[in-house]
Structure formats: C-alpha cells, structure tokens
Amino acid sequence: MPSLISQEEALRLGQFTDHAEIEALVERAWRVRLERFGDSTDMCSLVNAKSGGCAEDCGFCAQSRFAEADTPMHAMMTADQILEHARAAEAAGAHRFCMVTQGQGLSKRDFQNIVDGARLVAEHTNLKRCVSIGHMSTARAQALKDAGVQRVHHNVETAESYYPEVSTTVRYEGRLRTIEAVRDAGLETCVGGILNLGESAEQRVEMAFQLAEIEPTSVPINLLNPRPGTKFGDRELMDPWEVVQWVAIFRLVIPGGRNENLGHGEYARLAVRAGLNGVMMGNFLTTLGSEPEADRAVFEELGLNVARQSDNGAHPRPDNRSDWLAGETPRTPVDELIDSQQDANFWNPATQLRHRRKTSVPPRPDGAPNAFPELVHVKPEAA
C-alpha cells in the first residue's frame, strides 16, 4: 500500500515541536488507522525461550557478549515449557504468541525445540503463532510453517545508513535475506526497528520508507530501553510527545502495516490514536512490562476491540479485523481473562532469568569504548 506522505513531508512533520501541531498530526493518523483497520487490535505476547551468551555486538542488547552488563541467562525451553507460557498468554487475552531466542540462528536441537513448541501451541491453544529466532533459510522457514507457525519476526533495527553504528557482526543484507526466505516459504513477516539509538530525524524517515518498500505484514516500532553496560546504555528516554509524533509519521508512511510493540505507559492512549493497533502484552525479553488488564485497557478505553476474532486458530490472516472471515470463534479454554500476571505462569524475567556476572568483555568490533573501563578487564586479542 503506497505511503500517504512523501519523504520531504515526513521530515517536515518530524520537525514539529508544538504540542498542538503534534495533536493535529495524531488525529490525522487516527483517521487512517480507523479507515484501514476499524476497531481491530492485535494483542501479542512473547516468551524468551533462550536468553544470554549472544555472540553478536548489537549495541542495544544486554544479552550480547560485548555488553558489560551482567548476562541475563535462560537455557533453551522444552516444547512443554513453551506451551505452558502460551497458555498463560492466552489466559491474559493475547491473540498472538511469539517464541523468541537470542543470536543469529539456532542449533539443530534448539530449532527442533521451537518447532515442537510451535506444534503444541497450534494444537492446544487458539493463539496465532510467531517466532523470532534470528537468520534462517527457506527450508527452516518451511519447517516452521509445517509446524503451524504463521509469522516470523526479524527487525532491520534502524535505517541502513545508520546500521553500522548498531551492529557490525549481524549484516543488514543478511536481515533482508532472512525476510525474503520467510516470504518465499509463504509466511507472514514482522519487520520493524528501534527508535532512539542515536539516529537522526532523516534516518528515522529513511527507515520508515525502507520498511514501506519491504511491505511487511506487521511493523513493530520499539523504543530503546537503555540498559547500563550496553553501547547505548547512557541515552535518555524519548520525550513522550516525540514518541507519539513518530508513531503517527510511521502510520502515514506505512498505512497498511500494523504498528505495534510500543509498550505501555502514560502516553500509551495517545500513541494508539497516533496509529498503534497492537501491543506486546505483559513482560519483555529481559525487562518487566504491564499487567494484562492495563494492556487491554489502553485500547478498550478508546472503544477498540480486544476480543479474539473468528480466525485466531486455524485460519491465519494479516490482522484481527472484525468479520474478515465467516464462522464461529474457536472455543477457548479460558472462561474469564486474567487481569494480573501472578494469576498465571506468565513469562517473568524477574524470576525466570538468572544473571551471570562477566569477568571479562572483548573489545567491541566497532571500536566503541567500554562503558565501565574501571570495572571490566578486556581480554587481550591473543587470549
């Protein structure tokens, strides 16, 4: 679907600082959101199926071996453990469940765990199934599809021109190849990026139009959560008005893709009006999120529909638009949705991750200085 604004207009809108101008921009994006998606929402949830010890140097991630923060560790989950967390997500009202692992790719054994877990989630829940497991071939993407996976998440992270500042060990071109492999297998694509990595306004616009060219099914817009000890750990949080401003710009550049995963906070409802029509419910990979009741309320208070739609199970489709397909809603084992994470075995990084202290950190391939040189002993290159 073509963009509704040009790159020049997007950059001009990104220069707004007056709140009244931003509010007008938000209302413009809200009309587009309602026109394209009606009252539909997409409530996603994830499980960190394998965490820590990543060999890559992505500057935003505490799991990287180049990050000077303690490493958040979690061994690869079994298929039954994945299903247990999926059932908790379904009880919280999620429509979609994403199985996430660290690194560029998985060993044969770990990949099989994801395949087996996806098959159980497909057989025993009404959740749509998604994975985020790094680079993959078309053959692996096909194996995921055969197991019941419907969508693969693989971000570009930032604009191509800024990408070398974000990662030097994971190539931008490799990300595009994975997205093509996923598409070749007939799977939906979830491709987005992170704001506030130090990119310029021009580079944000560049990323938006690069994503529009890729034409993913879903576009997650993430905000940097600065983690001490990472390359970007000393950055300030984005101003909330700037957040909703750029969500609205992305909505106008990508009117057909679903913008999601912004998170939950004081300005979340304004962000929904700016074009957001999905959210990552509950907790994130290594940090805590919101209560399920609060996540649902962000949309419900604006009159939007957070209920499961008629095709959540056997008939996948790009979004949860009401009445897209005929038929009865599949029966769910949940009679009443839970409002609190403590009422179900939700993925909880506070209790299910352990943190391993690093004794040494290698120099970053991009030459960035250590965040805590007085605390970190860098191994000699010959070690």
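Student: Leaving aside its neighbours within four places in sequence, which residues is Arg175 in contact with?
Tutor: This is a predicted model, in which local features need pLDDT of at least 70 and side-chain atom pairs count only at pLDDT 80 or more, while totals for chains, interfaces and linings use all residues. Residues are numbered from 1 along each chain as its sequence is written, and side-chain values use heavy atoms, with hydrogens and water left out. Contact here means heavy atoms within 4.5 Å. Without the neighbours within four places in sequence, the partners of Arg175 are Cys58, His135, His154, Asn155, Val156, Glu157, Tyr163 and Val170.

Student: Is Arg175 buried or exposed?
Tutor: Arg175 sits in helix H7 (residues 172-184); helices (H or I, at least four residues) and strands (E, at least two) are DSSP runs, numbered from the N terminus. Buried means under 20% relative accessible area, exposed over 50%, and partly exposed in between (1.4 Å probe, protein chains only). The relative accessibility of Arg175 is 5%, so Arg175 counts as buried.

Student: With which side chain does the side chain of Arg175 make a polar contact?
Tutor: A polar contact is a pair of N or O atoms within 3.5 Å; within protein, one must be able to donate a hydrogen and the other to accept it, and residues adjacent in sequence count only if both atoms are side-chain atoms. At 2.8 Å, the partner of the Arg175 side chain is the side chain of Tyr163.

Student: How far is the backbone nitrogen of Val170 from a polar atom of the Ser167 side chain?
Tutor: Ser167 belongs to the loop between helix H6 (163-166) and H7, and because its relative accessibility is 4%, Ser167 counts as buried. Beyond residues up to four places away in sequence, Ser167 touches Asp57 and Cys58. Its side chain also offers a polar atom to the backbone nitrogen of Val170, at 3.2 Å.

Student: Leu197 interests me too. What separates the C-alpha atoms of Leu197 and Leu224?
Tutor: Leu197 is found in the loop between S7 and H8, and with a relative accessible area of 1% it is buried. Not counting residues up to four places away in sequence, Leu197 touches Phe60, Glu157, Thr158, Tyr162, Val166, Leu224, Phe232 and Arg235. Leu197 and Leu224 are 27 residues apart along the chain, and their C-alpha atoms are separated by 6.7 Å.

Student: Asn196 has a positive phi in a residue other than glycine; what is the value?
Tutor: Asn196 lies in the loop between strand S7 (193-195) and H8. At 5% relative accessibility, Asn196 counts as buried. Its phi is near 85°.

Student: And what is phi for Glu215?
Tutor: Glu215 is placed in the loop between H8 and strand S8 (218-223). Glu215 is exposed, because its relative accessible area is 52%. Phi of Glu215, again a positive value in a residue other than glycine, is near 60°.

Student: How are H1 and H8 oriented to each other?
Tutor: Axes are lines fitted to C-alpha atoms, for helices over the stretch in contact, and angles run from 0 to 180 degrees between N-to-C directions. The axes of H1 (residues 7-14) and H8 (residues 201-214) come within 10 Å and cross at roughly 135°. Angles under 35 degrees count as roughly parallel, over 145 as roughly antiparallel, 65 to 115 as roughly perpendicular and the rest as oblique. H1 and H8 are therefore oblique.

Student: What is the handedness of the H1 and H8 crossing?
Tutor: At the meeting point, Gln7, Ala10 and Leu11 of H1 meet Ala201, Glu202, Val205 and Phe209 of H8. A crossing is left-handed if the near helix is turned anticlockwise from the far one by less than a right angle, and right-handed if clockwise. For H1 and H8, the crossing is right-handed.

Student: Which residues of H9 make the contact with H8?
Tutor: The axes of H8 and H9 come within 9 Å and cross at roughly 35°. H8 contributes Ala201, Arg204, Val205, Met207, Ala208, Phe209, Leu211 and Ala212, while H9 contributes Glu242, Trp246, Phe250 and Val253.

Student: Which helix gives the largest share of the largest nonpolar core?
Tutor: A nonpolar core is a set of buried Ala, Val, Leu, Ile, Met, Phe, Trp, Tyr and Cys residues joined through side-chain atoms within 4.5 Å. The largest has 104 residues, and those with the most contacts inside it are Phe60, Phe97, Ile114, Leu144, Leu211, Phe250 and Val253. Its largest share is ten residues, from helix H9 (residues 240-253).
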